[in-house]
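User: Please take a close look at one part of this model and tell me how it is put together. Set it against the rest as well, in plain bench language.

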Amino acid sequence: MRRLTKLSAVAAVAALALAGCGSSDSGGSDGGSDKPAASKDVCKTAKGDGPKIGLAYDVGGRGDQSFNDSAYVGLKKAVEEFDGSCVEGEASDGEPESAREDRLRNMADSGATAIVGVGFAYSDSVNAVAPDYPKVNFAIVDGFDPDTKPNDNVAYLTFAANEGSYLVGVAAAEKTKTGTIGFVGGVHNDLIKGFEAGYVAGAKAAKPDIKVDVAYIQESDLKGFGDPAGGKAAATGEFDKGADVVYHASGASGSGVFDAAVEAGDGKWAIGVDSDQYLTATTAQKAHILTSALKRVDVATYDFIKTVNDGKPATSYTTYDLKNDGVGYATSGGFIDDIKSDIDGYKAKIVSGEIKVPTKP
Amino acid sequence: MTTTTTTPGPVTRVRNAARANWLFIALGAVAVVSLVRIVTDTNDLTSVGTIRAAIIATCPILMAGLGGLWAERAGVVNIGLEGQMVLGTWGAAFFTYHSGSPWVGILGAALLGMIGGLLHAIATVTFGVDHIVSGVAINLIGVGATTYLAEATFTDLEGGGPRQLIGLPTPTTIDRIPGISGSAADLADKHWFFISDVASFVAALTTKISLLSLVIFALVVASGWILWKTSFGLRLRSCGENPQAAETLGVNVYLYKYVAVLISGAMAGIGGGFLALVASSGFSTNQTNGRGYIGLAAMIFGNWRPGGLLAGALTFGYTDSLRLRDTHAVHSLLLLVAVALIAITVLRVVRRQIAGAVAMAVPGAALLVWFLSTDSVPRDFTSMTPYVTTLFVLALGTQRLRMPAADGRPYRKGSAG
């Protein structure tokens with residue numbers, strides 16, 4: 001029996017070690033010699049004397065071709081420009097709050113002076129960790145202060161995602177031929193509801209009698225952001241019921257939404273989210289990606305690191321909206337060139353305050 | 001073959017009756033669904049699109065369940081199915097990309113799943129490690145290894161990234177079968193009672209269906225046949241029921257357990273391959289999202305039988321795709337489950353199983369009241385619909401579960417004395 005216990009312990013430890021290799025920043029460090037240097041993770045090569053930056057990803061991590069990758073682009077630009085170095089860490093599905101705190105503490109302990117948490121889910125953990133490291137500057141993308149006690153070393157980088165969604169809603173309404181459009185959300189939380197609200201409002205503004213079909217992959221489980229099969233099933237359902245444009249706000253599940261548009265055939269469109277997803281899509285998908293609602297997480301990340309590097313770290317809330325080009329829409333593919341002036345008209349009205357975009361459906 | 005020659009007449013008759021029962025239950029289920037569809041005016045309940053989505057959602061779960069069936073019938077509990085599935089997703093993507101053929105990719109998925117199975121077999125059969133401990137380890141290894149492998153092998157490929165590889169060729173899709181597809185779809189659009197629902201099934205099975213889905217359904221039938229109709233299957237199952245007795249009869253129990261667990265891993269791997277190549281056209285890390293566990297649960301509630309696990313996987317796949325496609329349909333589902341439970345109640349009363357009847361009647365009546373008194377189901381409930389429905393239908397429908405007698409027990413060679 002003792003031997004069995006030992007063996008199972010060895011198996012479990014080996015498993016943990018392997019799992020650790022895969023999901024943490026040490027994974028894939030050898031990479032093979034034939035790789036072009038450009039695609040290598042900047043944090044594995046950068047050894048500059050400038051600021052050391054910690055980037056804590058949300059579920060999905062680097063390579064989601066969306067939200068997290070956008071933050072990485074900003075980090076990379078900053079590291080190269082300021083000759084700094086960086087450490088990365090990534091949240092895993094269903095991890096406890098303490099795991100997020102530990103990740104942030106490890107980064108701070110390893111000498112990072114600027115730490116960016118990607119995603120609202122870091123709000124509580126940053127709030128808990130920040131007071132212990134007064135010399136470190138924290139930022140949370142999409143974050144908020146969960147209590148009333150202000151932190152003077154935390155910046156909350158928020159996006160008016162509803163405004164960008166409003167514009168792609170206008171594009172969807174002007175492009176639909178059936179009068180029905182769709183929306184697929186990853187998780188039914190307040191953040192994603194903001195995308196839905198803006199999209200629906202924009203579509204109704206451009207075409208008051210339009211029908212919007214709304215589906216969410218998960219109710220509260222964050223795995224809704226990493227389930228392409230679920231995204232495809234939800235979008236296919238909307239296409240089947242007559243929608244011809246479907247906008248997704250579902251992170252990595254979005255590739256399934258694009259596939260659904262490809263399978264639905266000619267004249268069926270999908271709209272990307274966060275980054276210009278036309279650029280990372282496959283050839284077959286490209287013909288079906290109408291536009292993307294942009295959320296310049298890269299700009300926000302870079303701006304924050306810059307303020308730290310300049311010695312005047314940003315704190316409290318910074319909102320990125322249409323006014324400062326923190327959100328917007330993409331024109332890659334040229335599918336919406338004919339209605340661009342209309343969309344820009346709505347954009348001008350939002351910037352001037354004439355149109356107030358709702359944040360709740 | 002050997003089983004049928006050695007079994008006397010009555011057993012065969014019972015088996016035929018059981019087969020007729022399955023057909024009867026399936027037709028009854030279609031009739032009930034059809035009735036509910038008409039009463040609630042929810043045509044999406046059996047639209048061709050819903051059934052097509054249900055088939056796609058069912059296949060990976062079915063393969064995981066089948067993997068579980070092979071292992072547990074040989075007495076090895078395999079909760080590492082999830083990990084073997086994840087390995088399969090990577091194998092499918094890797095081999096498809098480098099060979100250009102999705103079928104080679106599916107073989108690659110089976111191979112990777114088999115490697116997971118081999119680890120499990122070495123740990124549990126050779127070294128006698130607790131099956132659950134080893135299974136958990138396999139799940140962790142599966143996730144860790146694929147995350148690592150994906151970053152190491154997919155980062156610089158076209159359509160690839162550290163966590164994904166998209167734009168892979170997919171297995172052949174049967175677009176339509178002339179003569180059948182068109183007329184079935186027309187019939188389905190008429191929304192007639194029963195006939196249109198059956199036509200929907202026919203249309204979904206003959207239009208735009210992946211050949212791999214058909215292969216998977218064939219694998220269920222083949223597994224059932226091999227495990228129950230061949231001497232190889234009988235010996236394999238004897239290792240799960242009473243390995244000591246099998247040993248005294250000269251069966252190489254270790255070998256059979258190894259074979260079973262390897263096949264189990266391969267099946268789960270193919271399920272992962274289906275997810276990466278058919279359910280979504282590409283690999284992304286952790287895309288299994290717990291489907292391995294659901295397959296295992298479907299197998300257990302399906303009473304360790306191929307027919308039962310098929311029913312379980314279909315129930316789950318159907319309800320899951322239904323709630324994704326149309327949240328309003330979930331409300332109609334309440335009536336559907338209520339009617340199903342009441343039907344089982346009646347069956348129990350006829351058979352004079354009063355306690356069982358009461359156990360079914362209470363939740364059935366509660367669901368009926370809920371359906372009649374509301375117009376929609378709260379959002380928080382819709383995402384758990386597939387879990388709750390599968391639990392209700394299968395847990396309450398199958399009252400007497402019997403797992404293989406020596407399932408999960410350690411077996412050492414020579415312990416027969």
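Analyst: Let's begin with the overall picture. In chain B, 77% of the contacts with a separation of 6 or more join residues 24 or more positions apart (a contact means C-beta atoms, placed from the backbone, within 7 Å). Keep in mind that this is a predicted model, where local features need pLDDT of at least 70 and side-chain atom pairs pLDDT 80 or more, while totals for chains, interfaces and linings use all residues. Residues count from 1 along each chain as its sequence is written, with chains lettered from A and ligands numbered from 1 in the order written.

Staying with chain B, 56% of its 417 residues are buried (20 or more other C-beta atoms within 10 Å of a residue's own, C-beta atoms being placed from the backbone). The C-alpha trace of chain B spans about 60 × 60 × 45 Å along its principal axes. You'll find 18 helices and five strands in chain B (DSSP runs numbered from the N terminus: H or I of at least four residues, E of at least two).

Now for the close look, over in chain A. Six strands of chain A make an open sheet with mixed pairing, and going across it you meet S7-S6-S8-S9-S10-S12 (strands pair if DSSP finds at least two bridges between them). The edges are strand S7 (211-218) and strand S12 (327-329) of chain A, each of which pairs on one side only. On average, neighbouring strands of this sheet are turned by 15 degrees against each other, direction ignored (axes are lines fitted to C-alpha atoms, for helices over the stretch in contact, and angles run from 0 to 180 degrees between N-to-C directions).

Zoom in on strand S8 (residues 245-249) and strand S9 (residues 269-274) of chain A: they run parallel, joined by three bridges. One pairing you can look up is Tyr247(A), whose bridge partner in S9(A) is Ile271(A). Helix H7 (residues 190-206) of chain A lies across strand S6 (180-187), S7 and S8 of chain A, and runs at about 170 degrees to S6(A).

How does this fit into chain A? The domain assignment (automatic or from a database) splits chain A into domain 1 (44-159 + 298-320) and domain 2 (161-295 + 331-352). The C-alpha centres of these two domains of chain A lie 28 Å apart. Where they touch, domain 1 of chain A puts in 12 residues and domain 2 of chain A 15 residues. Helix H3 (residues 67-81) of chain A gives the most to the domain 1 side of that contact, with three residues.

Conventions. Contact = placed C-beta atoms within 7 Å. Buried ≥ 20, exposed ≤ 12 C-beta atoms within 10 Å, placed from the backbone.
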